[in-house]
Structures are given as structure tokens and as C-alpha cells.
Amino acid sequence: QKNLLMSAQVLDQPMPTIDLRSDTVSWPTFEMREAMANAIVGDDLWGDDPTVLKLEEEAAKLLGKEAALFVTSGTQGNLISILVHCRPGDELIVGDKDHIMLYEGGGVSAVAGVIPRTLTVQPDGTIKLEDVKGALRSEDQHYPRSRMISVENPHNKKGSIPLPLDYLKELSEYAKSQGLAFHMDGARLFNAASALNVPVSEIAQYVDSVTFCLSKALCAPVGSILCGTKEFIKEARRKRKMLGGGLRQAGILAAAGLIAIQKMPALLANDHEAARIIREGIADIPCVQLVPSYTNFVFFELTKDCHLSIEEVEEKLMAHNPPILCKAYTETMFRFVTHHWITEERAHQVVAALKEILQKQ
């Protein structure tokens, strides 16, 4: 299998496995590999890597922001945002199911010294404005200062649902009225924009800072982008250095990032179509219960009367030809994530495999 993987990458063939564990597994395209091999580089920490500078300039323009910063990951970008917007002891208003709370190693407290004030995330991925208003601290010396609001868009734990634009507008207006910074963890922001059929700038206009991943559905191998005002990014650059994120000949990575933002957004609708094919194709399997999911996500549970455990289904999919890689999201639920290498043909193969496995008694 290792030789198969290596030869496929060298020859620019599709991934030999149907890997649905996440869109983070997506290989860079052959065009990205060529661009990386031929990238013009400098020293990013000195500010003279031309490919990085071009990526940051184009990303900022695309999102309608003044400036951008290339960071190693979305987690780093989110943490930098918190470090810039807040001081130790300040409070961050954030959803209880947000990536920042669940999957970023507790950096908000351990590194930034910021207190998370968690609010219930609703089925549509939002936190209620009335809950935000109720969480806002008064100017009492006994309390931490409310300093920042963060949302996740689209929302991972809620099936990658895009947040409504009118909601973002309303929350933005409230944040401004209270002097609160408004950040968006937009790891899959371009998926949200594709689903809503709007430019990413139409979403990003409502927030002070926003991160998005190059290495998920956009197919680049490494990196994320943090956007905001020039003043914000100037300070963010210092925080990146403090976190050990200062980069040198990073143009090799930025070259793939440029192709990611220039060419991959137009192809995201294909990923969403592949997810739709899987969702609709497995809906009539008796022991499958679909869970609301959107964009390039497929959530489904195995019912109690299913003759196979979730681990057994994983094993049987892995034994399929070609192998189908997936991972249980909970004890009873799967999360499949489509990406550039999951074509419509492969989506139909996934449906056929699940029907064969789950309909056998």
C-alpha cells in the first residue's frame, strides 16, 4: 500500500484510497507540487519572501480585509487572534461546541490566559444574540472584562452548516456597540461561501478578524491565513513569532496556497455534490439515520437494530476495493468529509459499498 501511495503521487494519479476521514487528508494537486518545486523564496521572517507576500496580499483582497498573515495552522491563527484582541484575565464569549473550545488544546487559557465564557451552540451553528447579551459582564472590578466574541463558520459539530448572513450582521452590530472584538474561525469559510453562493468577502465583512485553512478543502498541504486590519496583522505577526511560528523560506508552502485560493474555490461545488450523492444514496438504508449535514459533510448514525457495530462497518469499508477510509465521530455516528479527490464516481462507490455491507443480514 505504501508503494501504491508513493507511485500515485509521483504520477499525479487520484488518491488510491477513498479517504473520507477529513478534507485535511486531501493531497495537493500536481499543479501545486510543481509550483512548490519552482517557488521563488526569500526569508519570511525578514519580510522578503515574495511568494508569501503575494499570498498574503491576494488573500486579504479576496476577503476584503486590509492585510493578511500566513500561519502554520488554523489553531495558531485563532490563538494569535485571541492574543491580539485580549489581555490575560479577559473573557472570550464562544460557543460550547466550537473548535476553539474543543480541539485546540486549551490554548485560549493555557497560553493566552483568557477565560472562555461558553454559550450553547444552536442547531443552526449560531449562539443566540440574547445569550450573548446575557453573558456580557458589567464594569465591576469583581468580574473579568468581556473583550471578544468568536463564531465558527461553517460549524463543524453542527454538520458544517453555514451561518446566516443576517445573523452575522446583527451580531457584528451588537459587538461594535459594546466595544467587543468579533472573530470568525472560518476554517472552511470557502465552503460556506460556495454553499451560500456569495463571495467570501460578503461573509468576512462582518468580523474584525478571520482565519481560514488552506489545507482542508482548498487542498494545499500546509497552512492557514489570518486576516484583519493592518494594525491587527502587525501585532499578529509579533504574536506568531512569540508562538514559534516565524517562517523562513515559506514561499515553498505559499506557492501551493496561492493555487488553493486562486483555483480551488470554484471546484468546491463538486465536493458538495459528492456529499449530496452520499447523503441521498444511503438515506434509504434501513439501519442508517441521517443527521443534518451540509456542504462537504455527511453525518449519519447506525440505528440500534443494525447487525454490525460501528467498528465492524469501519473494518468492512477498509477491506473494500478500493479501500474506504473513515472514522467514527461518536460511538454511534460517522462523519464523512468529501474533498477534491472524492469524485462523483467515488461517491457512488461509497453508497454501493455501504448498501452492500449494511443490507446484508
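Colleague: Let's start in the sheet of this predicted model. Which residue in β6 is the bridge partner of Ser 150?

Modeller: Happy to help! Strand β5 covers residues 146-152 and strand β6 covers residues 181-185, and five bridges join the two. One of the pairs across them links Val 151 with Met 184. For Ser 150, the bridge partner in β6 is His 183.

Colleague: And on the side of β3, which residue stands opposite Ser 150 in β5?

Modeller: Strand β3 spans residues 91-95. Its pairing with β5 is parallel and runs over four bridges. The residue opposite Ser 150 is Val 94.

Colleague: How many of the seven residues of β5 are buried?

Modeller: In the strand order β2-β8-β7-β6-β5-β3-β4, β5 sits between β6 and β3. The strand is mostly covered, and its count of buried residues is six.

Colleague: Which helix makes a right-handed β-α-β unit with β5 and β6?

Modeller: The two strands of this unit run parallel. The helix that completes the right-handed unit with them spans residues 165-178, and its name is α8.

Colleague: Now the whole sheet: which are its edge strands?

Modeller: Seven strands build an open sheet with mixed pairing, ordered β2-β8-β7-β6-β5-β3-β4. From one strand to the next, the twist averages 20°. An edge strand here pairs on one side only, and that picks out β2 (67-71) and β4 (115-119).

Colleague: Helices α3 and α11 both pack on the sheet. What angle does the direction of α11 make with that of β2?

Modeller: Helix α3, residues 50-63, touches β2, β7 (209-213) and β8 (224-228), and its direction makes about 125° with that of β2. Helix α11, residues 230-242, also touches β2, β7 and β8. For α11, the angle with β2 is about 20°.

Colleague: Away from the strands, are α9 and α13 roughly parallel or roughly perpendicular to each other?

Modeller: Two packed helices are described by the angle between their axes and the distance between the axes. For α9 (residues 189-196) and α13 (residues 268-282), the angle is about 80° and the axes lie 9 Å apart. Angles of 65 to 115 degrees count as roughly perpendicular. The pair is therefore roughly perpendicular.

Colleague: How many charged residues does the contact of α9 with α13 have?

Modeller: From α9 come Phe 190, Asn 191, Ser 194 and Ala 195, which meet Leu 268, Ala 269 and His 272 of α13. By class, four of these residues are nonpolar and three are polar, and the number of charged ones is none: no charged residues.

Terms used. Residues are numbered from 1 along each chain as its sequence is written. This is a predicted model: local features need pLDDT of at least 70, side-chain atom pairs count only at pLDDT 80 or more; totals for chains, interfaces and linings use all residues. Side-chain values use heavy atoms; hydrogens and water are left out. Axes are lines fitted to C-alpha atoms, for helices over the stretch in contact, and angles run from 0 to 180 degrees between N-to-C directions. Angles under 35 degrees count as roughly parallel, over 145 as roughly antiparallel, 65 to 115 as roughly perpendicular and the rest as oblique. Contact means heavy atoms within 4.5 Å. Ala, Val, Leu, Ile, Met, Phe, Trp, Tyr, Cys and Pro count as nonpolar, Asp, Glu, Lys and Arg as charged, and the others, Gly among them, as polar. Two strands pair if DSSP finds at least two bridges between them. Buried means under 20% relative accessible area, exposed over 50%, partly exposed in between (1.4 Å probe, protein chains only). A crossover is right-handed if, with the strands pointing away from the viewer, the path from the first strand over the helix to the second runs clockwise.
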